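Please examine the structure shown below. The paragraphs that follow lead through some local backbone features, two helix packings and one pocket.

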Amino acid sequence: MEIKVVPRPSCIICGGESGSLHESLRDHLFQVPGNWRIVQCRNAKCRLAWPDPCPALSDIPKLYTSYYTHAKASSSESAVARFRGLLYRIYLFVTSIPSRILGVHQERERLRLMFLGEEKPGRLLDVGCGSGKFLHKMAERGWQGVGTDFDEKAIEHARTRYERDGLNLRFYAGDLSDAGLSAASFDAVTMNHVIEHVPDPKELLQQIHRLLKLGGRLVAATPNVKSFGHSRFGPDWRGLEPPRHLQIFSPRALEQCAKNAGFRAVKVFTTAANADTIIGASIGVSEASARGRKYRGISEINMLRGIRSLLLQYREAMLLRRDPDCGEELVLICEK
């Protein structure tokens, strides 16, 4: 499979010139062919990163043919994933006290509800809804939910599982613009690790701005190029995910992108809430890269890696007290 590419020499946020950040990266996650170069905006007030050359728009679907949302797991892989999920729940229980002391547990819970846990329920749009699990959880809290995703299989699963569950949920496959949603019809919009995948993030945010009611809230989470994990793991950092991540934001770049799309009361901050997961995957990618093989992800259980990633998460949580930009994920909260 060959991926067509196009040059992308300048920053789509500020128009700044680029400089090389990482060279000759391979996709150890889902085996998209090619060597990929990541560049970064030279503007110190921006610092957006992106692949250059980047995949051509026509070939972007090819990047996801073996993606985790598309791949059908074998029975043995499913059993391992279920066992891993059980271990993770035990892990959360065992680590709950130090996580609470450092504030990681509380932040994880807020992020789990996309910082809408204390908001009055209304009409919610989840862009990139995947299997619909998040929307179902919010519907149980009183929200009316609409989900969109380009993955038709994920939408089919969401419809089968949740649209008949007695809750007010609807799901649409395709781009957000294809869903035929009315302007000013949502109280809140969420995007969890979506904006880094889209060719034109400003255009997406403008569409969301149109769909929100006056005073409505957008909450988005995305990898942070200035994170502790990136500084430690460099080209093996999980947040790069070449070539599917078409941009990796800094706090300032994400803030400016939202302002360029017309949002107000823009707030961007970083969090270590899921740093253990991202750092653990980064360790896995580093090991896979060194051995020239594919990182096995959720089908692999590695207790030593889990302990190491937990300790690094705690370190990051403490570093955040003096460097608020070092969290693994960026969180954008803004209003129309």
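In this predicted model, a convenient starting point is P53, which sits in the loop between β4 (49-51) and β5 (54-55). The peptide bond that joins D52 to P53 is cis, with omega near 0°. A cis peptide bond also leads from P242 to P243, again with omega near 0°. P243 belongs to the loop between α7 (228-233) and α8 (251-260).

Another backbone feature concerns M114, which lies in the loop between α3 (104-112) and β6 (123-127). The phi angle of M114 is positive, about 50°, although this residue is not a glycine.

The second largest pocket may be considered next. L113 and F115 are among the residues that line this pocket. The lining also includes L116, G117, E118 and E119, together with E109, R110, R141 and R217. By class, the lining comprises six charged residues, three nonpolar and one polar. The volume of the second largest pocket is about 180 Å³.

Attention now turns to the packing of helices. Helix α8, which follows the loop that holds P243, packs with helix α6 (residues 201-211); their axes come within 8 Å and cross at roughly 50°. Angles of 35 to 65 degrees fall outside the parallel and perpendicular ranges, and α6 and α8 are therefore oblique to each other. The crossing in which α6 passes α8 is right-handed. On the α6 side, P201, K202, L205 and Q206 make the contact, and on the α8 side C257, A258 and N260 do so. Sorted by class, this contact of α6 with α8 has four nonpolar residues, two polar and one charged.

A further pair is formed by helix α9 (residues 275-291) and helix α10 (residues 303-319), which pack at an angle of about 130° with their axes 8 Å apart. Which orientation class describes α9 and α10? An angle has to be over 145 degrees to count as roughly antiparallel; α9 and α10 are therefore oblique to each other. The crossing of α9 past α10 is right-handed. From α9, the residues in contact are A275, D276, I279, G280, I283, G284 and E287. From α10, the contact involves R305, R308, S309, L310, L312, Q313 and E316. The contact of α9 with α10 contains five nonpolar, five charged and four polar residues.

How values were computed:
Residues are numbered from 1 along each chain as its sequence is written. This is a predicted model: local features need pLDDT of at least 70, side-chain atom pairs count only at pLDDT 80 or more; totals for chains, interfaces and linings use all residues. Side-chain values use heavy atoms; hydrogens and water are left out. On a 1 Å grid over the protein atoms alone, a cavity is a set of points where a 1.4 Å probe fits but cannot get out, and a pocket is an open set with protein on both sides within 12 Å along at least five of seven lines; lining residues have an atom within 4 Å of a point. Grid points are joined across faces, edges and corners, and a volume is the space filled by probe spheres set on the points. Ala, Val, Leu, Ile, Met, Phe, Trp, Tyr, Cys and Pro count as nonpolar, Asp, Glu, Lys and Arg as charged, and the others, Gly among them, as polar. Axes are lines fitted to C-alpha atoms, for helices over the stretch in contact, and angles run from 0 to 180 degrees between N-to-C directions. Helices (H or I, at least four residues) and strands (E, at least two) are DSSP runs, numbered from the N terminus. Angles under 35 degrees count as roughly parallel, over 145 as roughly antiparallel, 65 to 115 as roughly perpendicular and the rest as oblique. A crossing is left-handed if the near helix is turned anticlockwise from the far one by less than a right angle, and right-handed if clockwise. Contact means heavy atoms within 4.5 Å.
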